[in-house]
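Student: Please take one part of this model and go through it slowly. I would also like to know how that part fits in with the rest.

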Amino acid sequence: MPDGGPVKEPQQRLDQILAKLRARSCRITPQRVAILKIFLGSQEHPGVEQVYAQVKANFPTTSLATVYKTVHLLKEIGEILEIGCADGGNRYDGNKPYPHPHLICTDCKTIIDPELHLFEQLTAEVAKTSGYRIVSHQLDFFGICPACQKKQ
Ligand SMILES: [Zn+2]
Ligand SMILES: [Zn+2]
């Protein structure tokens, strides 16, 4: 199972992704690079609308369709993880594009990557007891974050 390997330097990873996109004859525009940088650098699991709002600050002519297209491309080359949300749009992790558990606040919709030291063990146990070779997984926890608990 991919564990993401060693954390790559952000610039190095950006260069690799740009090379992959060029290999697919994708046009690399400054807008597209800006969109990539936001997705790759964000720990906050943004949605398309959030990234759109950020890009527009520097590139006012960017269209929402361009953000969607970029997400689609990143998904195709396996450089972004889509987190399906029951209510509202999908959220994305371009920082850690491989499967990993998420912790989702049902109030403010904050999504974080929980620290789970036992997770590798859990995966190994599932593989061992079932005989399956695990290639992927999807595990989300839902709850009320500490900030929202204080507001209640
Ligand atoms: Zn919350
Ligand atoms: Zn994540």
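Tutor: What follows is a close look at one helix, then at the regions around it and beyond it.

Residues are numbered from 1 along each chain as its sequence is written, while chains are lettered from A and ligands numbered from 1 in the order in which they are written. The model is predicted, so that local features need pLDDT of at least 70, side-chain atom pairs count only at pLDDT 80 or more, and totals for chains, interfaces and linings use all residues; side-chain values use heavy atoms, with hydrogens and water left out.

The chain has six helices and five strands. Helices (H or I, at least four residues) and strands (E, at least two) are DSSP runs, numbered from the N terminus. Read along the sequence, their pattern is α-α-α-α-β-β-β-β-α-β-α. The C-alpha atoms fill a box of roughly 50 × 45 × 25 Å along the principal axes.

The helix to look at is H4, residues 64–76. How does its span compare with what its 13 residues should give? At 1.5 Å a residue H4 should span 18 Å, and its end C-alpha atoms are 19 Å apart, which agrees. The expected span is 1.5 Å times one less than the number of residues.

Which residues of H4 are buried? They are Val67, Thr70, Val71, Leu73 and Leu74. Buried means under 20% relative accessible area, exposed means over 50%, and partly exposed lies in between, with a 1.4 Å probe and protein chains only. The buried residues cover an arc of only 160 degrees around the axis, which puts them on the same side of H4. The arc is that of the directions from the helix axis to the C-beta atoms.

These buried residues pack against H1, H2, H3 and strand E2 (91–93). Val67 is one example: setting aside residues up to four places away in sequence, it touches Ile35, Phe39, Val48, Val51, Tyr52 and Thr62. Contact here means heavy atoms within 4.5 Å.

Val67 and Leu74 also appear in the largest nonpolar core, which has 22 residues. A nonpolar core is a set of buried Ala, Val, Leu, Ile, Met, Phe, Trp, Tyr and Cys residues joined through side-chain atoms within 4.5 Å. Those with the most contacts inside this core are Ile17, Leu21, Leu36, Phe39, Val51, Val67 and Leu74. The elements giving it two or more residues are H1 (10–23), H2 (30–41), H3 (48–58) and H4 (64–76). H2 gives the most, with six residues. In soluble globular proteins, nonpolar side chains tend to be buried together.

Next comes the end of the helix. Ile77 lies in the loop between H4 and strand E1 (81–83). At 12% relative accessibility, Ile77 counts as buried. Leaving out residues up to four places away in sequence, Ile77 touches Ile17, Lys20, Leu21 and Arg24. Also just after H4, Gly78 takes a positive phi of about 70 degrees. Gly131, just after H5, likewise has a positive phi, of about 80 degrees.

Two residues other than glycine have a positive phi as well: Ser25, near 60 degrees, and His45, near 55 degrees. Ser25 sits in the loop between H1 and H2 and is exposed, with a relative accessible area of 67%. His45 is in the loop between H2 and H3 and counts as buried, at 1% relative accessibility.

His45 leads to the metal site. The zinc ion (ligand 2) is coordinated by His45 (NE2), Asp93 (OD), His100 (NE2), His102 (NE2) and Asp113 (OD), at 2.0 to 2.2 Å. Donors are N, O and S atoms within 2.8 Å of the metal (3.2 Å for Na, K and Ca); water is not among the atoms, so sites may look incomplete. Both His100 and His102 are buried.

His102 stands opposite Asp140 in E5. E3 (residues 102–105) and E5 run parallel, joined by four bridges. They belong to an open sheet of three strands with mixed pairing, in the order E4-E3-E5. Two strands pair if DSSP finds at least two bridges between them. E4 (111–112) and E5 (140–143) are the edge strands, each pairing on one side only.
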